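Student: I am new to this structure and would like to go through it one question at a time, with the reasoning spelled out. Could we begin once the model is on view?

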Amino acid sequence: MFNNLHSSALATLVDVLKKITANRKETIVGAGDPGVAMYIMLEGVAKITNGALWAPEEDDSKQKLSQRKTTSPPARSKLKAGDSFGEEIIFGLEEFYKYTIVADSDVVMYELLEDEFKQRFKNLPDLLRLMVSNYRNSKCPS
């Protein structure tokens, strides 16, 4: 999501990132919960216990994301330092989380609230489009 972004663009986010923690077995977000933020894992491991991976529809030209349904667990069922989730929320592509994330160990992460993200980037539509494109490309199956 942040690939190819100038450091000055990233600097606009630094002061709105809030470091939060989750204890082992604590639900971080639940499927169906109203979306309020994205999260960037710093320490620990979390698992996807319910839901699906995100992937763009092949025939969708409006940059809308859809849930890819599978009968087996998602290919990426664990999240670790450097991983993120909730991007679809801050980009306004979804209103509710489509997955449940549970801390598999004590977890430290950054939280980026949707409202604060939108406030920072409301006058930078080109930059926002680049971030959405980076997000979509990173979530597509190879």
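Student: Is K118 buried, partly exposed or exposed?

Tutor: This is a predicted model, and the label is assigned from the relative accessible area computed on it. For K118 that area is 38%. Buried would require a value under 20% and exposed a value over 50%, so K118 is partly exposed.

Student: Which residue does K118 meet in a salt bridge, and what is the N to O distance?

Tutor: K118 and E114 both belong to helix α3 (residues 114-121), and because they are 4 residues apart, about one helical turn separates them. E114 counts as buried at 14% relative accessibility. The side chain of K118 meets that of E114 in a salt bridge, with an N to O distance of 2.7 Å.

Student: Which residues are joined into one network by salt bridges that share partners?

Tutor: One of the bridges involved is that of D104 with K47, whose closest N and O atoms are 3.9 Å apart. This pair links distant parts of the chain, with D104 in the loop between β9 and β10 (107-113) and K47 in strand β4 (residues 46-51), 57 residues apart. Both ends are partly exposed, D104 at 26% and K47 at 31%. The network formed through shared partners consists of K47, K78 and D104.

Student: How many aromatic pairs are there, and what are the geometry and separation of F85 and Y99?

Tutor: The count comes to 5 aromatic pairs. In one of them, F85 and Y99 have their planes at 90°, and since an angle over 60 degrees counts as edge-to-face, this pair is edge-to-face, at 6.4 Å centre to centre.

Student: Where along the chain do F85 and Y99 lie, and how many residues apart are they?

Tutor: Both residues are buried, F85 at 5% relative accessibility and Y99 at 4%. F85 lies in strand β8 (residues 84-85) and Y99 in strand β9 (residues 99-103), so that the pair links distant parts of the chain that are 14 residues apart.

Student: Which element has the lowest mean pLDDT?

Tutor: Across the protein chain the average pLDDT is 78, and 74% of the residues score at least 70. Strand β1 (residues 18-22) has the highest mean among the elements, 97, whereas the lowest, 41, belongs to strand β6 (residues 65-67).

Student: Over which residues is the pLDDT below 50, and how many contacts does this stretch have beyond near neighbours in sequence?

Tutor: Where pLDDT is low, the predicted coordinates should not be read in detail. That caution applies to residues 53-74, where the pLDDT is below 50, and the stretch has, beyond near neighbours in sequence, 40 contacts in the model.

Terms used
Residues are numbered from 1 along each chain as its sequence is written. This is a predicted model: local features need pLDDT of at least 70, side-chain atom pairs count only at pLDDT 80 or more; totals for chains, interfaces and linings use all residues. Side-chain values use heavy atoms; hydrogens and water are left out. Rings of Phe, Tyr and Trp (its six-membered ring) pair if their centres lie within 6.5 Å; planes under 30 degrees apart count as stacked, over 60 as edge-to-face and the rest as tilted. Helices (H or I, at least four residues) and strands (E, at least two) are DSSP runs, numbered from the N terminus. Buried means under 20% relative accessible area, exposed over 50%, partly exposed in between (1.4 Å probe, protein chains only). pLDDT is the predictor's confidence in each residue, from 0 to 100. Contact means heavy atoms within 4.5 Å. A salt bridge is a side-chain nitrogen of Lys or Arg within 4 Å of a carboxyl oxygen of Asp or Glu.
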